[in-house]
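Q: I'd like to learn how to read a structure one feature at a time. Could you walk me through this one?

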Amino acid sequence: MAHDALGRRVDYLRISITDRCNMRCIYCMPPEGVEWKRPSEILSYEEIERFAAIAATQGIGRIRLTGGEPLVRAGVAGHIRRLHEIEGIEAIALTTNATLLPKMAEELREAGLSRVNISLDSLDPDEYARITRGGKLDDALAGIDAALEVGFDPVKVNVVVVRSLAQDLPGFARMTIDRPLHVRFIEFMPVGAPPTDEQHPSCSTTSWTREDVVPSDEVLAEISAWGDSHGYGSLIAAEPKSAPGGWGPARYYHFEGAKGTIGVISPLSRHFCNECSRLRLTADGKVRPCLFSELELDAREALRSGDDDEVRAIITQALHEKPEGHDEAAVTDRKMSQIGG
Ligand code: SAM
Ligand code: SF4
């Protein structure tokens, strides 16, 4: 079992398998996209699988594939199948915008994928198209349907809450009543370069501002008040057994009798660094012990030199150097699509 220098158990690896995406969400990527890495800079599937196998021997048994959009990389189902066969890998999850799920959900399930997190920031087709710069809401909703149909469990819907987007939060909460969906509201994080002087202080650019952050407690209060006034009652804190099995630091609630849950993830208003159990592997092969720290260790060279001991040493070093926490104003240079959200 892997522990870091502070005694935190670290058993979860987020792997970004591509920096590319079929969308350009306004808070994640500039309209023209970021400069893609050259194919030779990106880890091959074989390299990722070797890394995962070595990490598994060190006690890291849970993997989440992310990106960019992981489903745009050709051959992802085969990759999942091979990861699934690695001794010590207990479960594989995926974070996706879901637009390609309708045609891929079945083969991904058969390959051994068990859990999906779907990103969805608006339930209004025009607003969704604006936020994603061209995405179709119906594609994402069909992706949610497909995920439930093939039996991924849990199916979580992640909503990044941004004040200037004026999202219909109760609309998302309503999704949890009739279907086993777990909607999680995530505080907008200062990931990506800080805004320049020329940028307007709203998220119509990829900039982040403190004013755009909506603390989770405010989200919960709004949804609870909506529930009260619409006959669902107030939100009830979920018992651990009714919360969806989680690998992250969400707090879960539900409406009486609802099939799903409502969660909040509060990286800014309530730091969860003391519970952090994850390492990240970027698409270009850097091990990143903390989202909010620029510390990255180069595993690609070690993988390409064929020296497994060196890869193991890098994982050990990442565990050793995992920061204790991040401060309030933590800002990272690389964007979420590059690090792997
Ligand atoms: N393309 C996939 C998707 O959208 O689910 C996976 C990669 S995306 C970078 C992963 C998650 O990061 C998405 O849920 C996205 O909303 C989230 N994200 C991106 N930038 C963020 C930010 N600044 N604060 C909070 N979440 C962010
Ligand atoms: Fe693509 Fe996901 Fe970033 Fe949106 S949040 S641009 S879907 S990587």
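Q: Happy to start with ligand 1: which secondary-structure elements each supply at least two residues of the shell around it?
A: This is a predicted model, so read everything that follows as a property of that model. Elements that contribute at least two residues each to the shell around ligand 1 are β3 (91–96) and α10 (336–339).

Q: How many residues surround ligand 1, and which are the closest?
A: The shell has 16 residues, and the closest are Tyr-27, Gly-68, Glu-69, Ser-119 and Met-189. Sorted by class, the shell around ligand 1 has nine polar, five nonpolar and two charged residues.

Q: Which atoms of ligand 1 pair with Tyr-27, Gly-68 and Met-189?
A: Let's take them in turn. With Tyr-27, an N or O atom of the side chain is 2.7 Å from an oxygen atom of ligand 1. With Gly-68, a backbone N or O atom lies 3.0 Å from a nitrogen atom of the ligand. With Met-189, a polar backbone atom is 2.8 Å from a nitrogen atom of ligand 1. As for cover, ligand 1 has 550 Å² of accessible area on its own, and the protein covers 94% of it.

Q: What surrounds ligand 2?
A: Its neighbours are Cys-21, Met-23, Arg-24, Cys-25, Cys-28, Gly-68 and Asn-97. By class, this shell around ligand 2 divides into four nonpolar residues, two polar and one charged. Gly-68 is listed here, and Gly-68 is also among the closest residues to ligand 1.

Q: With those cysteines around, how many disulfides does the structure hold?
A: Zero. Cys-21 has a relative accessible area of 18%, and Cys-28 has 17%. Buried means under 20%, so both Cys-21 and Cys-28 count as buried.

Q: How do I judge whether a helix is enclosed or open, say α6?
A: Look at how many of its residues are buried. Helix α6 covers residues 169–178, and eight of its ten residues are buried, so the rest of the structure largely encloses it. Those eight are Leu-169, Pro-170, Gly-171, Phe-172, Ala-173, Met-175, Thr-176 and Ile-177.

Q: What do the buried residues of α6 pack against?
A: Their partners are two helices, α5 (137–150) and α7 (216–229), along with the strands β5 (155–161), β6 (181–187) and β9 (261–265). The start of α6 has a polar contact too: a side-chain oxygen of Asp-168 comes to within 3.0 Å of the backbone nitrogen of Gly-171.

Q: Can we zoom in on α7 through Ser-216: is that residue buried or exposed?
A: Ser-216 sits in helix α7 and is buried, with a relative accessible area of 1%. Leaving out residues up to four places away in sequence, Ser-216 touches Glu-187, Arg-251, Val-264, Ile-265, Ser-266 and Ser-269.

Q: What should I look for in the backbone angles?
A: Start from the norm: most peptide bonds are trans, and most residues other than glycine have a negative phi. Then look for departures. The bond joining Asp-153 and Pro-154 is cis, with omega about 5 degrees, and Pro-154 is found in the loop between α5 and β5.

Q: Which values of phi do Ala-98 and Ala-166 have?
A: Both are positive. Phi of Ala-98 is near 75 degrees, and phi of Ala-166 is near 45 degrees. Ala-98 is in the loop between β3 and α3 (101–111) and is buried at 0% relative accessible area. Ala-166 belongs to the loop between β5 and α6 and counts as exposed, at 67% relative accessibility.

Q: Where is Val-34, and how is it placed relative to Asp-19?
A: Val-34 is in the loop between β1 (12–16) and α1 (45–57), and is buried with a relative accessible area of 12%. Asp-19 is 15 residues away along the chain, and the two C-alpha atoms are separated by 8.5 Å.

Q: Finally, what does the whole protein look like in numbers?
A: The secondary structure comes to ten helices and twelve strands. Of the 341 residues, 60% count as buried. Among contacts between residues at least 6 apart in sequence, 74% join residues at least 24 apart. The protein exposes about 14200 Å², and carbon and sulfur atoms supply 50% of that area.

Notes. Residues numbered from 1 in each chain as written. Chains lettered and ligands numbered in written order. Predicted model: local features only at pLDDT ≥ 70, side-chain atom pairs only at ≥ 80, totals over all residues. Heavy atoms only, no water. Buried < 20%, exposed > 50% of the residue type's maximum accessible area, 1.4 Å probe, protein only. Helix = DSSP H or I, 4+ residues; strand = E, 2+ residues; numbered from the N terminus. Contact = heavy atoms within 4.5 Å. Polar contact = N/O pair within 3.5 Å; in protein donor to acceptor, adjacent residues only side chain to side chain. Disulfide = S-S within 2.5 Å. Near = heavy atom within 4 Å. Nonpolar A, V, L, I, M, F, W, Y, C, P; charged D, E, K, R; others polar. Areas by Shrake-Rupley, 256 points an atom, 1.4 Å probe, with all protein chains shown as cover.
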